[in-house]
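The following exercises concern the reading of a protein model. Please work through each task before consulting its solution.

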Amino acid sequence: MSGLAMPKPDADTMRRRAEIVADMRIIVPGEGVVDAANEMRAFESDGLTAYRQLPLVVVLPETVAQVSRVLKYCNGRNIRVVPRGSGTSLSGGALPLEDAVLLVMSRFNRILAIDYPNRVVVAQPGVTNLGITTAVEQEGFYYAPDPSSQIACSIGGNVAENSGGVHCLKYGLTANNVLGIEMVLMNGEVVRLGGSHLDQEGYDLLGVMTGSEGLLGVVTEVTVRILKKPETARALLIGFPTSEQGGQCVADIIGAGIIPGGMEMMDQPAIHAAEDFVHAGYPLDVEALLIVELDGPSVEVDHLIGLVEAIAYRNGSTTCRISQSEQERLSFWAGRKAAFPAVGRISPDYYCMDGTIPRKELPRVLAGMRDLSEKYGLGVANVFHAGDGNLHPLILYDANVPGELDKAESFGADILRLCVEVGGVLTGEHGVGVEKRDLMPEMFNQIDLDQQMRVKCAFDPNHLLNPGKVFPQLRRCAELGRMHVHRGQVAFPDIPRF
């Protein structure tokens, strides 16, 4: 893992490896412990495959009691733990550590309850995102967040990264669709946050956990909201001579008070790659392609289609197709959903970034990415959730060419700096992980980072859960300026304290 600083392996833990493996086999009997190097290679990286590391041992529990015992054991012996779902994370959030137990939750793969009257599903964290929709679609329901990896990504991982998808513009991210979780703390304690009810009492700890990237606890059960499928859904496929015109069209649609079910954009390299891959009928003579989906009652959808079409033509669109059947609508989305693997056919390697910007800055950022592409001499294909400003630039490079990976990473870092510069943020749904960890000071000052670290300390005071991720500097909780009492006296004793 050259170029990426990770926590130094604990020598005592490494010496006790055989003992730890044996104890794990007692806690999780059968085939739930993997310790052979060749068998652990399946877990050595996540979706950010540039970085790889074999873990100390892989443990695949099947019950909450086993998860609790593993965490309590590790907490008592100062052993690090890295939680992992399906391993589709694109930010290195599930990257193993040499001295850490890799706690894989893939065996938690059952749907526990479906409550149609209250429109909720209770699922274990290893259930795939698409699996929830599949379980309820026969009754006309679905689960709204739909990341492109939904066929493989787990609902527990979605909670960890606060995943979105093409329909998050109207229906929200994971945070807007999760009602409750069961989780195990590092000390082995099992707690519940939220539930099937609409609003939870007290502090919004559920909001803290959603997007916490495995740093605060291990999720063992998730309660999600399901929605009734809309009466009608139709999509427009709109081509533009420039990406700037497409970006302005996005801003104008939202500015007109129209909230599409989904609004996605691709630039020319991504359009050509996707069309060659799935043959969706995309126009190849445009620089930018916008997919706008409108859903709801038929009369409303027909009216909104007319409005969007007029906005598109005002922004110089050269082509506008409106889906006339469900099959055609799905074909529009097929290319977008397959854009990532499609780009893999035009470049030996690509580096998928994730940043979010204000919608009005879309033309400026697209122009800036073109300048950076020329600066670094690397191509970039853009595929993104245009409606909420969540960019997914795919930087094209060849890992076999010395120095190109470093250039790609520097290119990506500059894109994220540009996102922050225009008022955006470092990530929209992929998380910080190790990929953006060292860029956190670009967005947060030390006071901000210290406050976030204090939340970490409240849940995991010994920093045993997923260390080396998110925070650019590893520090002990005692270094964060907790109140210190010396010989019965505190600093500034004249200040009232409540």
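The exercises below treat a sheet, a helix, aromatic pairs and one glutamate in a predicted model.

**Exercise 1.** Determine the strand order of the five-stranded open sheet and identify which strands lie at its edges.

*Solution.* The 5 strands follow the order S5-S6-S10-S8-S9, with antiparallel pairing. Strand S5 (111-115) and strand S9 (190-194) are the edge strands, since each pairs on one side only. From one strand to the next, the twist averages 10°. Strand S8 (residues 178-184) pairs with S9 over 5 bridges in the antiparallel sense; Ile181 has Leu193 in S9 as its bridge partner.

**Exercise 2.** State which strands are touched by helix H5 and which are crossed by helix H4.

*Solution.* Helix H4 (residues 64-76) lies across S8, S9 and strand S10 (218-225), at about 55° to S8. Helix H5 (residues 129-136) packs on the sheet through S5, strand S6 (120-123) and S10, and its direction makes about 45° with that of S5.

**Exercise 3.** Establish how the buried residues of helix H2 are placed around its axis.

*Solution.* The buried residues of H2 (residues 17-27) are Ile20, Val21, Met24 and Ile27. They cover an arc of only 120° around the axis, and therefore lie on the same side of H2. Ala18 and Ile26, on the other side, are exposed. The cover over the buried residues of H2 includes helix H1 (11-15), strand S1 (33-34), strand S2 (57-59) and H4.

**Exercise 4.** Classify the aromatic pairs Tyr116-Phe141 and Tyr142-Tyr171 by geometry.

*Solution.* The model contains 3 aromatic pairs. The ring centres of Tyr116 and Phe141 are 5.3 Å apart and the planes stand at 35°, so this pair is tilted. Because Tyr116 lies in the loop between S5 and S6 and Phe141 in strand S7 (residues 141-142), the pair ties together parts 25 residues apart in sequence. Tyr116 is partly exposed at 23% relative accessibility, whereas Phe141 is buried at 6%. The pair of Tyr142 and Tyr171 is edge-to-face, with 6.4 Å centre to centre and 85° between the planes. Tyr142 belongs to strand S7 and Tyr171 to helix H7 (residues 168-171), 29 residues apart.

**Exercise 5.** Decide whether Glu435 is buried or exposed, and describe its surroundings.

*Solution.* Glu435 sits in the loop between helix H15 (404-421) and helix H16 (440-443). Its relative accessible area is 11%; the cut-off for buried is under 20%, so Glu435 is buried. The side chains of Glu435 and Lys436 are joined by a polar contact of 2.6 Å. Beyond four places in sequence, Glu435 touches Leu48, Leu90, Ser91, Tyr351, Cys352 and Met353.

Key. Residues are numbered from 1 along each chain as its sequence is written. This is a predicted model: local features need pLDDT of at least 70, side-chain atom pairs count only at pLDDT 80 or more; totals for chains, interfaces and linings use all residues. Side-chain values use heavy atoms; hydrogens and water are left out. Helices (H or I, at least four residues) and strands (E, at least two) are DSSP runs, numbered from the N terminus. Buried means under 20% relative accessible area, exposed over 50%, partly exposed in between (1.4 Å probe, protein chains only). A polar contact is a pair of N or O atoms within 3.5 Å; within protein, one must be able to donate a hydrogen and the other to accept it, and residues adjacent in sequence count only if both atoms are side-chain atoms. Contact means heavy atoms within 4.5 Å. Two strands pair if DSSP finds at least two bridges between them. Axes are lines fitted to C-alpha atoms, for helices over the stretch in contact, and angles run from 0 to 180 degrees between N-to-C directions. The arc is that of the directions from the helix axis to the C-beta atoms. Rings of Phe, Tyr and Trp (its six-membered ring) pair if their centres lie within 6.5 Å; planes under 30 degrees apart count as stacked, over 60 as edge-to-face and the rest as tilted.
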